[in-house]
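This note sets out several points for a colleague who has the coordinates open. Each point takes up one region and may be checked against the display.

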Amino acid sequence: MYVIAVDLGGTQMRAAIVNEEGKLLTRKALKTNAKDGAERVIQRLIALLHEVADPFFQREGKSAFAGIGMAIPGALNVQEGIVHFSPNLPGWKNVAIKEIMENEFSLPVYVANDADAAALGEYYFGQGKGVHNFIYVTISTGVGAGVIENGRLLLGVQGQAAEVGHMIVNPEGPKCSCGNFGCIEAYISGTGIVRRAKEELANSPLPSRLRQLEKIETKDVFLFAKEDDEIAQKIVEETKKYLGILTMNLIHLFNPKLIIFGGGVSQVGDELFAPAISYAKKKVMYPMGEQFTYRLTKLGDNVGLLGAASIVKYYREIT
């Protein structure tokens with residue numbers, strides 16, 4: 001059986017045909033152009049899916065497809081397939097994406113938050129294979145998580161559980177995109193790191209190579225920190241600390257065997273994660289710090305598509 005996998009992001013929309021072994025048989029991507037609004041984005045997405053899937057439909061028939069899996073950022077009702085709100089997709093409010101896509105393709109459609117989908121992708125095809133209690137944490141433009149508990153995805157009432165990026169760790173901290181102050185996302189996301197670096201540059205008289213850049217990126221902050229740039233070092237040390245606090249809180253909440261980190265910021269590697277994990281292990285209650293390990297994802301850019309395919313596999317297994 002095949003699956004049509006959709007990874008819908010604020011920057012790019014990706015689609016692929018995935019087989020049962022998690023192999024991507026074909027893969028295409030388009031710019032989302034999210035500012036165009038929900039209707040035009042959905043039109044582009046439908047056209048992309050036809051481009052990817054129609055040759056397979058003609059050759060294999062629709063009966064060879066188990067369904068369409070969609071990984072979408074934001075607050076979703078996964079049972080009804082409705083996108084209530086997505087910060088990266090302007091104008092998406094109570095969009096019945098499941099109904100729209102089922103009417104178009106006459107296949108069952110399954111949706112999940114992108115972090116939940118990625119957790120399922122890790123469970124079936126990645127670092128979480130064979131592990132029944134783990135957390136996948138994505139650190140990129142935002143911060144999100146998917147929790148696998150005893151082999152089941154933790155969803156909450158409608159599928160909005162584990163919004164860990166919006167746990168407040170400092171009520172007097174920087175403003176978050178959600179409107180609150182001091183969320184973990186405001187500290188450790190790529191967006192938060194860059195924002196804090198700019199604020200530090202504005203408020204500090206210290207020299208910094210960051211001042212010479214027209215556009216500051218997360219990788220610049222970490223690079224200059226290694227070159228003894230004091231402002232960059234301050235931001236990096238704060239990031240390590242708050243990542244450690246997030247990890248400590250996740251251990252206390254869920255007692256996982258494993259935490260898998262992904263997303264763009266994870267590409268920094270153990271330079272960021274080793275100190276943060278060490279901080280967390282020193283702070284958590286005994287023996288919880290000795291019961292878990294961490295890994296970085298190896299699924300790379302395909303984690304979203306493999307996660308989307310895994311949504312279909314997961315719901316077919318549990319129903």
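Through how many residues does a hairpin join strand 9 to strand 10? The connection consists of three residues. The model is a predicted one, and the points below should be read accordingly.

1. **The strands around the hairpin.** Strand 9 (residues 133-139) and strand 10 (residues 143-149) pair in the antiparallel sense, over seven bridges. Within this pairing, isoleucine 135 has valine 147 of strand 10 as its bridge partner. Strand 9 also pairs with strand 12 (residues 258-262), here in the parallel sense and over five bridges. In that pairing, valine 137 is matched with phenylalanine 261 of strand 12. Six of the seven residues of strand 9 are buried, so this strand is largely enclosed by the rest of the structure.

2. **The five-stranded sheet.** An open sheet is formed by five strands in the order 3-2-1-4-8, with mixed pairing. Strand 3 (24-31) and strand 8 (109-113) are the edge strands; each has a single partner strand, so one side of each is left without a neighbour in the sheet. On average, neighbouring strands of this sheet are turned by 15° against each other, direction ignored. Strand 1 (residues 2-8) pairs with strand 2 (residues 12-18) in the antiparallel sense over six bridges. Leucine 8 has methionine 13 of strand 2 as its bridge partner. As background, strands of a sheet pair through backbone hydrogen bonds, either parallel or antiparallel.

3. **Helices across the sheet.** Helix 1 (residues 38-60) lies across strand 1, strand 2, strand 3 and strand 4 (65-72), and runs at about 15° to strand 2. Helix 3 (residues 114-125) lies across strand 4 and strand 8, running at about 105° to strand 8.

4. **The nonpolar cores.** The largest nonpolar core has 67 residues, of which Met70 and Trp92 touch the most other members. Helix 1 supplies the largest share of this core, 11 residues. Another core, of 43 residues, lies apart from it and has Ile184, Leu201, Val236 and Met248 among its members. In general terms, nonpolar side chains tend to be buried together in soluble globular proteins.

5. **Methionine 70.** Which residues are in contact with methionine 70, leaving aside its neighbours within four places in sequence? They are Val6, Leu45, Ile97, Met101, Val109, Tyr110, Val111, Ala112, Ala308 and Ile311. Two of these contacts, Ala308 and Ile311, belong to helix 9 and are buried there.

6. **Helix 9.** Helix 9 (residues 303-318) has 16 residues and reaches 22 Å from its first C-alpha to its last, close to the 22 Å expected at 1.5 Å a residue. This helix is mostly covered, with 12 of its 16 residues buried. Among the buried residues are Val303, Gly304, Leu305, Tyr314 and Tyr315.

7. **Asparagine 113.** Is asparagine 113, a residue of strand 8, buried or exposed? Its relative accessibility is 9%, and the cut-off for burial is under 20%, so asparagine 113 counts as buried. A polar atom of its side chain lies 3.0 Å from the backbone oxygen of glycine 74. Not counting residues up to four places away in sequence, asparagine 113 touches Ile72, Pro73, Gly74, Leu76 and Glu163.

8. **Helix 6.** In helix 6 (residues 218-226), the buried residues are Thr218, Asp220, Val221, Phe222, Phe224 and Ala225. Their cover includes helix 5 (190-203), helix 7 (230-254) and helix 8 (270-283). Aspartate 228, just after helix 6, takes a positive phi of about 70°.

9. **Backbone geometry in loops.** Tyrosine 286 and proline 287 are joined by a cis peptide bond, with omega about 5°; proline 287 lies in the loop between helix 8 and strand 13 (293-296). Asparagine 150 has a positive phi of about 55° although it is not a glycine. This residue is found in the loop between strand 10 and strand 11 (152-153) and, at 57% relative accessibility, counts as exposed. Asparagine 255 has a positive phi of about 50°, and it is not a glycine either. Asparagine 255 sits in the loop between helix 7 and strand 12 and counts as partly exposed at 39% relative accessibility.

Definitions and conventions
Residues are numbered from 1 along each chain as its sequence is written. This is a predicted model: local features need pLDDT of at least 70, side-chain atom pairs count only at pLDDT 80 or more; totals for chains, interfaces and linings use all residues. Side-chain values use heavy atoms; hydrogens and water are left out. Two strands pair if DSSP finds at least two bridges between them. Helices (H or I, at least four residues) and strands (E, at least two) are DSSP runs, numbered from the N terminus. Axes are lines fitted to C-alpha atoms, for helices over the stretch in contact, and angles run from 0 to 180 degrees between N-to-C directions. Contact means heavy atoms within 4.5 Å. The expected span of a helix is 1.5 Å times one less than its number of residues. Buried means under 20% relative accessible area, exposed over 50%, partly exposed in between (1.4 Å probe, protein chains only). A nonpolar core is a set of buried Ala, Val, Leu, Ile, Met, Phe, Trp, Tyr and Cys residues joined through side-chain atoms within 4.5 Å. A polar contact is a pair of N or O atoms within 3.5 Å; within protein, one must be able to donate a hydrogen and the other to accept it, and residues adjacent in sequence count only if both atoms are side-chain atoms.
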